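Here are a few exercises to work through with the model open in your viewer. Try each task yourself before reading the solution.

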Amino acid sequence: MTKFISFLFHKLTEDEPSELMEVSKSLFERCLFSIKEASIPVMCLGDLVKLSYTNSYKRVISITFDDGWDSDYKMAFPVLKEYEFRATFFIITDWINKKGYVQEGWLKEMSQSGMEIGSHTSSHRYLTRLSEDEVYKEFYDSKCRLEDMLGREVTAVSIPGGEYNGKIIKLAYKAGYKIIATSKPGINLPGSTLINRISIHSRTSLTDLKKIISFSPFFIFQLKSFYLARALIKKTFGIDGYLRLRNWFMKI
Ligand SMILES: [Zn+2]
């Protein structure tokens with residue numbers, strides 16, 4: 001049965017990463033090179049979830065980006081085209097055309113070149129803090145804006161900060177999404193529409209990337225354990241407390 005792993009990137013940088021969610025462009029390039037070297041097919045999420053149980057692929061990788069930084073277009077897009085890999089870009093629609101983020105024309109070009117564009121909600125507010133109506137609006141408005149802009153259906157959404165619960169998932173399906181990308185690490189199987197993703201950040205090494213590309217069960221177990229520990233900290237100290245602890249951790 002096909003297993004698939006979904007990478008989650010945020011911002012790429014030409015320099016040394018200065019924030020946790022930044023990744024150097026050179027590490028990204030080495031990641032794509034290692035995937036090609038391992039001869040693992042790369043698909044966007046929209047194509048991946050359509051794979052039947054009887055397809056012939058053993059392993060597939062998907063590459064996703066959250067937040068819609070301008071590095072999506074300026075750095076990731078040219079390299080992806082070079083490798084002929086189709087990735088999924090999750091865009092915060094209120095931030096389109098703002099300084100440091102993607103522009104409307106860029107998104108059209110990326111979509112026309114075969115990249116998948118998904119929503120990362122309208123405003124990126126943590127959904128667990130909003131009312132049901134507000135959550136629905138975040139999902140629905142961003143979907144409509146992207147569809148009007150791109151002239152094609154937008155079926156995938158990623159959850160800001162990975163903060164969700166059963167109610168939020170139901171509202172995403174109600175707003176018309178077929179694929180919901182989380183920040184929970186793990187391997188996915190065909191038919192799953194709630195997608196686990198492995199977050200790549202400034203502290204990820206090339207060795208770590210290669211372990212992920214080889215679908216190392218031990219390494220993925222480690223990532224899951226770390227995620228659960230983090231979830232426990234969030235539950236104990238709240239999201240703000242967790243973010244403060246994370247900033248402190250980044251400084252040591
Ligand atoms: Zn985000």
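Two residues are in contact if their C-beta atoms, placed from the backbone, lie within 7 Å. Keep in mind that this is a predicted model.

**Exercise 1. Find S119, list what S119 touches, and decide whether S119 is buried or exposed.**

Solution.
- Step 1: go to strand β6, which spans residues 116–119; S119 sits in that strand.
- Step 2: leave out residues up to four places away in sequence and collect the contacts, which are F90, I91, T93, S142, K143, L146, V154 and V157.
- Step 3: count the other C-beta atoms within 10 Å of S119, and you get 28. The cut-off for buried is 20 or more, so S119 is buried.
- Step 4: try a C-alpha distance too. S119 and T155 are 36 residues apart along the chain, and their C-alpha atoms are separated by 8.4 Å.

**Exercise 2. Work out how β5 pairs with β4 and with β6, and where its side chains point.**

Solution.
- Step 1: begin with β4 (residues 59–67), which runs parallel to β5 and is joined to it by four bridges. On this side, D67 stands opposite I91.
- Step 2: move to β6, where β5 again has four bridges and a parallel partner. Here F89 stands opposite I117.
- Step 3: trace the chain between β5 and β6. The path goes through helix α4 (residues 104–112), and this β-α-β crossover is right-handed.
- Step 4: do likewise for β4 and β5, with helix α3 (residues 71–83) as the helix of the unit; this β-α-β unit is right-handed as well.
- Step 5: look at the side chains of β5 (residues 88–91). T88 and F90 point one way, F89 and I91 point the other way, and all are buried. In a regular strand, side chains alternate between the two faces of the sheet.

**Exercise 3. Place I220 and say how exposed I220 is.**

Solution.
- Step 1: find helix α8, residues 217–251, which holds I220.
- Step 2: the count of other C-beta atoms within 10 Å of I220 is 18. That falls between the cut-offs of 12 or fewer for exposed and 20 or more for buried, so I220 is partly exposed.
- Step 3: leaving out residues up to four places away in sequence, I220 touches P185, G186 and I187.
- Step 4: check I220 against L146, 74 residues apart along the chain; their C-alpha atoms are separated by 33 Å.

**Exercise 4. Describe the domains and how they meet.**

Solution.
- Step 1: take the bounds from the domain assignment, which gives domain 1 as 3–215 and domain 2 as 223–252.
- Step 2: get the spacing of their C-alpha centres, which is 22 Å.
- Step 3: count the residues in contact: seven from domain 1 and six from domain 2.
- Step 4: sort the domain 1 side by type, which gives four nonpolar, one polar and two charged residues.

**Exercise 5. Say how compact the protein chain is.**

Solution.
- Step 1: tally the secondary structure, which comes to eight helices and ten strands.
- Step 2: the radius of gyration is 17 Å, close to the 18 Å from the globule rule for 252 residues, so the chain is as compact as a globular protein of that length.
- Step 3: add the box, roughly 45 × 45 × 40 Å along the principal axes for the C-alpha atoms.
- Step 4: note that 34% of the 252 residues count as buried.
- Step 5: take the contacts with a separation of 6 or more; residues 24 or more positions apart account for 68% of them.

Conventions
Residues numbered from 1 in each chain as written. Predicted model: local features only at pLDDT ≥ 70, side-chain atom pairs only at ≥ 80, totals over all residues. Helix = DSSP H or I, 4+ residues; strand = E, 2+ residues; numbered from the N terminus. Rg over C-alpha atoms; globule rule 2.2 N^0.38 Å. Domains from an automatic or database assignment. Nonpolar A, V, L, I, M, F, W, Y, C, P; charged D, E, K, R; others polar. Pairing = 2+ DSSP bridges. Right-handed = clockwise from strand over helix to strand, strands pointing away.
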